[in-house]
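This report concerns aromatic contacts and internal cavities. The structure is shown first.

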Amino acid sequence: MARQMDEKYKLSVCIPNYDRMDRLDSLLRNLAGQITVNGLHEEIEICVSDDCSEADPVVIVKKIREAFDTINIRYERNKQNMGMDYNFLHSVLIAQGQYAWIVGNDDVPEDGALSRILATIDRENYKDVDIIVTPFDSFDYDNNYVKTVYPLGTVEGDILFDTSDKEQWHKLVMSVQDNSAVFGFLSNVVFKRKRWVEHGGMFADKMSSIFIQVYMNMQTLAEGAKYLYTPEKFIINFLDDETNQTIDRTYRIAAGLYDAMDYFFDGEEKRHIQKNVVDIFISSRFMEFPENDARKIKVNDFVSERMDIIKQYYVRIADRRQYFGG
């Protein structure tokens, strides 16, 4: 996988694309519009890594390049479908920015988001910040507001943690209220790209986790980093309920987050992270998997208060139907 060490730009907006061409087109036009209106073409680039979509988005990229010819739009297409983790990583490693912002093609940048990101990383007291995390609003695909997610809770101003200090690291961990605080969501995080490059292939065995960004950014924190939590909002999240509510997708999220949190935490911190990051995705529906199913075996091994209750009290649907029949 190509790894660019150059930092020609302050920020690379990295888009790991797969299908949904109309949303990719809309996202690229939004970003290009913000860059043009604010004269940011020397500071920001756009990088698209396409994971062998059914239709090649090169036509869309070409039209955006022609319409916004002062903007650097880097585009690469995988020769075959490599999976989400590879594509997330690839979109970052082909970039040439000091900071990277991974944006899903179904998410929408807030108005003025790019200018606010640059203003944040340009502030004198934040020049050495490694990771920026923000709250975000969620909408359904019909554009109805669903909720606002606050990864570390509601705050009036910025909070800066230095994870090289054990007390600050502990305080950060115990402040986590949602998986998006520890990178379970892609688009509310801006991070120093070189830290991912430095990690190299150390998480090659996690490339089917669907959460490679969690491993990469958590490793940055584990090595010691500046983590900034700001009430500024950069992104609007659109919830793909049709995909995310399937039992297999729910399982992959729960298992992926469980393994990632188990990798980095233990003791009191692990219990807190487990409760606030993983447990919400642990479903009683997992108990309907066949007894010899690898997924059933996996979830039975989860160390979780919620899982303990489910295992103790859950009655399979077939048994309930038999008992209540008639």
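The sections below treat ring pairs, charges over rings, and cavities in turn.

## Aromatic pairs

The model is predicted. It contains 19 aromatic pairs. In one of these, the ring centres of Trp169 and Phe265 are 5.8 Å apart and the planes meet at 10 degrees, so the pair is stacked; the cut-off for stacking is an angle under 30 degrees. This contact joins distant parts of the chain, for the two residues are 96 residues apart. Trp169 belongs to helix α5 (residues 166–175), whereas Phe265 sits in the loop between α9 (247–264) and α10 (267–278). Trp169 is buried, with a relative accessible area of 16%, and Phe265 is buried with a value of 4%; the limit for a buried residue is under 20%.

Another stacked pair is formed by Phe191 and Trp196, with ring centres 4.5 Å apart and planes at 10 degrees. Both of these residues, Phe191 and Trp196, are buried. Elsewhere, a cluster linked by ring pairs is made up of Phe203, Tyr215, Tyr263 and Phe264.

## Charges over rings

Two arginine residues are placed over aromatic faces. Arg23 lies over the face of Tyr141, 3.9 Å from the ring centre. Arg295 lies over the face of Phe289, at 3.8 Å from the ring centre.

## The largest cavity

The structure has two cavities of 30 Å³ or more. The largest cavity encloses about 50 Å³ of space. Its lining includes Trp169 and Phe265, the two partners of the stacked pair that links distant parts of the chain. The other lining residues are Leu172, Val173, Val176, Ala181, Val182, Met218, Leu221, Tyr227 and Ile273.

Helix α5 provides the largest share of this lining, three residues. Both α5 and α7 (212–223) contribute at least two residues each. By class, the lining of the largest cavity comprises 11 nonpolar residues, with no polar and no charged ones.

## The second largest cavity

The second largest cavity has a volume of about 40 Å³. It is lined by Ile102, Phe183, Phe185, Leu186, Val189, Phe191, Gln213 and Asn217. Strand β10 (189–192) and helix α7 are the elements that give two or more residues to this lining. Helix α7 therefore contributes to the linings of both cavities, given its place in the largest one as well.

Phe191, a member of this lining, is also a partner of Trp196 in a stacked pair. The lining of the second largest cavity divides into six nonpolar, two polar and no charged residues. Gln213 and Asn217 are the polar members.

Conventions: Residues numbered from 1 in each chain as written. Predicted model: local features only at pLDDT ≥ 70, side-chain atom pairs only at ≥ 80, totals over all residues. Heavy atoms only, no water. Phe/Tyr/Trp six-rings, centres within 6.5 Å; stacked < 30°, edge-to-face > 60°. Helix = DSSP H or I, 4+ residues; strand = E, 2+ residues; numbered from the N terminus. Buried < 20%, exposed > 50% of the residue type's maximum accessible area, 1.4 Å probe, protein only. Lys NZ or Arg CZ within 6 Å of the ring centre and 35° of its normal. 1 Å grid on protein atoms, 1.4 Å probe; cavity = no way out; pocket = protein on both sides within 12 Å on 5 of 7 lines; lining within 4 Å. Points joined across faces, edges and corners; volume = space filled by probe spheres on them.
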